[in-house]
Amino acid sequence: MHRGSSKGAQDPLRSPESLPLSASAARLIPVDLEVTRAGRSIDHHLELPAGTRVRDALRRIDLPPEGCLVLDDGRSLPLDAPLDRPRRLQIVPTHSGG
């Protein structure tokens, strides 16, 4: 048996809960990707939410993550590394078409 409604009498002194309409906007960070292939390079500039994984950044520029070497200042960067600050990464595709 139902014993009443949750919308019954409310305390008039209690203010309604204040809930955000949406989650706060993610902080965007600039990420520059320099794709080096056959002696040429193409630059891509992205604004990504902080915490975006390297693999997701590569997908944004239509590169398969598993077929790329990612270098950050000459050091290899794992595909699952989160991007938490502005970066300039060098991308070297490791596979060729066939």
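This report covers the fold, the surface and the salt bridges of a predicted model.

## Overall layout

The chain holds one helix and seven strands. Their order along the sequence is β-β-β-α-β-β-β-β. The helix, α1, spans 54-60, and β4 spans 68-72.

Contacts were sorted by sequence separation. Of those between residues at least 6 apart, 48% join residues at least 24 apart.

## Burial and surface

The chain has 98 residues, and 28% of them count as buried. The exposed surface of the chain comes to about 7500 Å². Carbon and sulfur atoms supply 52% of that area.

## Salt bridges at Arg-55

The search of the whole structure finds nine salt bridges. Two of the pairs described here involve Arg-55: Glu-66 is one partner, and Asp-80 is the other.

The Glu-66 to Arg-55 bridge has an N to O distance of 2.7 Å. This pair links distant parts of the chain, 11 residues apart. Arg-55 sits in helix α1, whereas Glu-66 sits in the loop between α1 and β4.

The Arg-55 to Asp-80 bridge has an N to O distance of 2.9 Å. Asp-80 lies in the loop between β5 (75-76) and β6 (82-83) and Arg-55 in helix α1, so the bridge ties together parts that are 25 residues apart in sequence.

Accessibility varies across these three residues. Arg-55 has a relative accessible area of 18%. The cut-off for buried is under 20%, so Arg-55 counts as buried. Glu-66 is exposed, at 59%. Asp-80 is partly exposed, with 47% relative accessibility.

## A bridge within helix α1

Arg-59 and Asp-56 also pair through their side chains. Their salt bridge has an N to O distance of 3.2 Å. Both residues belong to helix α1. They are three residues apart, or about one turn of the helix.

Both ends of this bridge are partly exposed. Arg-59 has a relative accessible area of 42%. For Asp-56 the value is 33%.

## A salt-bridge network

Salt bridges also form a network in this model. Four residues are linked in it: Asp-72, Asp-84, Arg-85 and Arg-87. Of these, Asp-72 falls at the end of β4, which covers 68-72.

Technical notes. Residues numbered from 1 in each chain as written. Predicted model: local features only at pLDDT ≥ 70, side-chain atom pairs only at ≥ 80, totals over all residues. Heavy atoms only, no water. Helix = DSSP H or I, 4+ residues; strand = E, 2+ residues; numbered from the N terminus. Buried < 20%, exposed > 50% of the residue type's maximum accessible area, 1.4 Å probe, protein only. Contact = heavy atoms within 4.5 Å. Areas by Shrake-Rupley, 256 points an atom, 1.4 Å probe, with all protein chains shown as cover.
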